[in-house]
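Me: I'd like a close look at one part of this model, namely the surroundings of the bound ligands. Take me through them slowly, please, and then touch on whatever else catches the eye.

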Amino acid sequence: MLTDPFNRRIEYVRLSVTDRCDLRCQYCMPEGFRDFEEPEHWLDFDEIERVMATFGRLGVSRIRLTGGEPLVRKDLPALANRLARLPGIEDLSLSTNATRLAKHAGELRRAGISRLNVSLDSLRADRFKEITRGKLSRVIDGLMAARAAGFAPIKINMVVMQGVNDDETGDMVEFCLEHGFTLRFIETMPMGDTGREASNRYKSLQEVRQELGRRYPLIPGVMPGGGPARYVQVEGTELRIGFITPISQHFCETCNRVRLSVDGTLYLCLGQDDRLELRPLLRAGASDAELEQAIRDAIARKPERHEFRDRPEQVVRFMSMTGG
Ligand code: SAM
Ligand code: SF4
């Protein structure tokens, strides 16, 4: 079992399989950005499987595939298949922008992924393009294919920004009610220049909750495996709405996760620089026991909390580099 100095049990790894992406969300990746990790630095599927098997032995039971855009990594379903079979791993999920989901939903489901998070910041094609530089219709097609393939739950993640899309929170509620999706709102985080720039349009989700409360009867809700989101339910419906509030109400005391980036760096906190470089260990022939010990030692250094509010200038990595 992995327990950090603040008595938090680490049982969840967010695994970034690429730092590349086919979109350029304003708050995440700069438009002309090309400074990606070299392919020879990417962990290959054998290396990823080995690291995840190590985590499985240490008590990790949940893995989320993320990125960048995970579906940009070639043969992702084959990797999912291997990870879903690892001893100890009970839950394999995927975060995606859904642009490639229409093509891959069926094989991902068959590979053993059960739960999906999909980013969707606007239901208006022109605005969606402005925020992400992508095409809304591809995402909607992807979402419908995922629903048809049997993914459940499908959670829609909306980063809410003042004066950009905060007038669409009600429309998003209606959309999720219609299609049976779960909805989560996220506050902008000052990660990299892009995240800091977007944070100028920060909107507190406490406000969003009040606005929605005037329109819908909201009752306290729960969501199994809901992570850091605080949930409400629209009374008389199945719709759950989660609020992820790293800024207005941080949830570091219940943090149960670490993040592995595409180059094999284990980040111990989204908002801090503390890390363990696993690639050199793997490529120097470390034994299983050595890997386990290195991970235990790293968890013993997990920071208590992020400092997005007090030191917003601190994190130079974009979200896409860490594995959001
Ligand atoms: N490409 C996939 C996607 O967009 O869902 C997975 C990776 S993306 C980095 C994971 C999540 O991070 C998305 O929900 C995205 O909206 C969120 N994100 C990225 N940058 C952010 C920021 N600066 N503040 C808040 N959320 C951010
Ligand atoms: Fe790509 Fe996801 Fe970042 Fe948007 S949030 S640029 S989809 S990695």
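Which residue has a polar side-chain atom 2.7 Å from an oxygen atom of ligand 1?

Reply: That's Ser 119: one of its polar side-chain atoms sits 2.7 Å from a ligand 1 oxygen. Bear in mind that this is a predicted model, so every distance here is computed from predicted coordinates. The protein hides a good part of this ligand: 94% of the 550 Å² of accessible area that ligand 1 has on its own is covered.

Backbone atoms join in as well. Gly 68 offers a polar backbone atom 3.0 Å from a nitrogen of ligand 1, and Thr 96 has a backbone N or O atom 3.3 Å from an oxygen of the ligand. So what does the rest of the shell look like? There are 18 residues around ligand 1, and the closest are Tyr 27, Gly 68, Glu 69, Ser 119 and Met 189. Sorted by character, the shell holds five nonpolar residues, 11 polar ones and two charged ones. Two strands deserve a mention here, since β3 (91-96) and β5 (154-159) each put at least two residues into that shell.

Now for ligand 2. Its neighbours are Cys 21, Leu 23, Cys 25, Cys 28, Gly 68 and Asn 97. Gly 68 is on this list and also among the closest residues to ligand 1. The shell of ligand 2 splits into four nonpolar residues and two polar ones, with no charged residue.

Staying with β5 for a moment, have a look at the loop between α5 (136-149) and that strand, where Pro 153 is placed. The peptide bond joining Ala 152 to Pro 153 is cis, with omega at about -5°.

Another backbone detail turns up at Asn 7, in the segment before β1 (12-16). Asn 7 isn't a glycine, yet its phi is positive, about 65°.

Last, a helix pair. Two packed helices are described by the angle between their axes and the distance between the axes. For α6 (residues 169-179) and α8 (residues 205-215), the angle is about 60° and the axes are 10 Å apart. The two helices are therefore oblique to each other. As for handedness, α6 passes α8 in a right-handed crossing.

To come back to where you started: around ligand 1, keep Ser 119 in view for its side-chain contact, then Gly 68 and Thr 96 for their backbone ones.

Note on methods: Residues are numbered from 1 along each chain as its sequence is written. Chains are lettered from A and ligands numbered from 1 in the order in which they are written. This is a predicted model: local features need pLDDT of at least 70, side-chain atom pairs count only at pLDDT 80 or more; totals for chains, interfaces and linings use all residues. Side-chain values use heavy atoms; hydrogens and water are left out. A residue is near a molecule or strand if one of its heavy atoms lies within 4 Å of it. A polar contact is a pair of N or O atoms within 3.5 Å; within protein, one must be able to donate a hydrogen and the other to accept it, and residues adjacent in sequence count only if both atoms are side-chain atoms. Accessible areas come from the Shrake-Rupley method with a 1.4 Å probe; for residues, only the protein chains shown count as cover. Helices (H or I, at least four residues) and strands (E, at least two) are DSSP runs, numbered from the N terminus. Ala, Val, Leu, Ile, Met, Phe, Trp, Tyr, Cys and Pro count as nonpolar, Asp, Glu, Lys and Arg as charged, and the others, Gly among them, as polar. Axes are lines fitted to C-alpha atoms, for helices over the stretch in contact, and angles run from 0 to 180 degrees between N-to-C directions. Angles under 35 degrees count as roughly parallel, over 145 as roughly antiparallel, 65 to 115 as roughly perpendicular and the rest as oblique. A crossing is left-handed if the near helix is turned anticlockwise from the far one by less than a right angle, and right-handed if clockwise.
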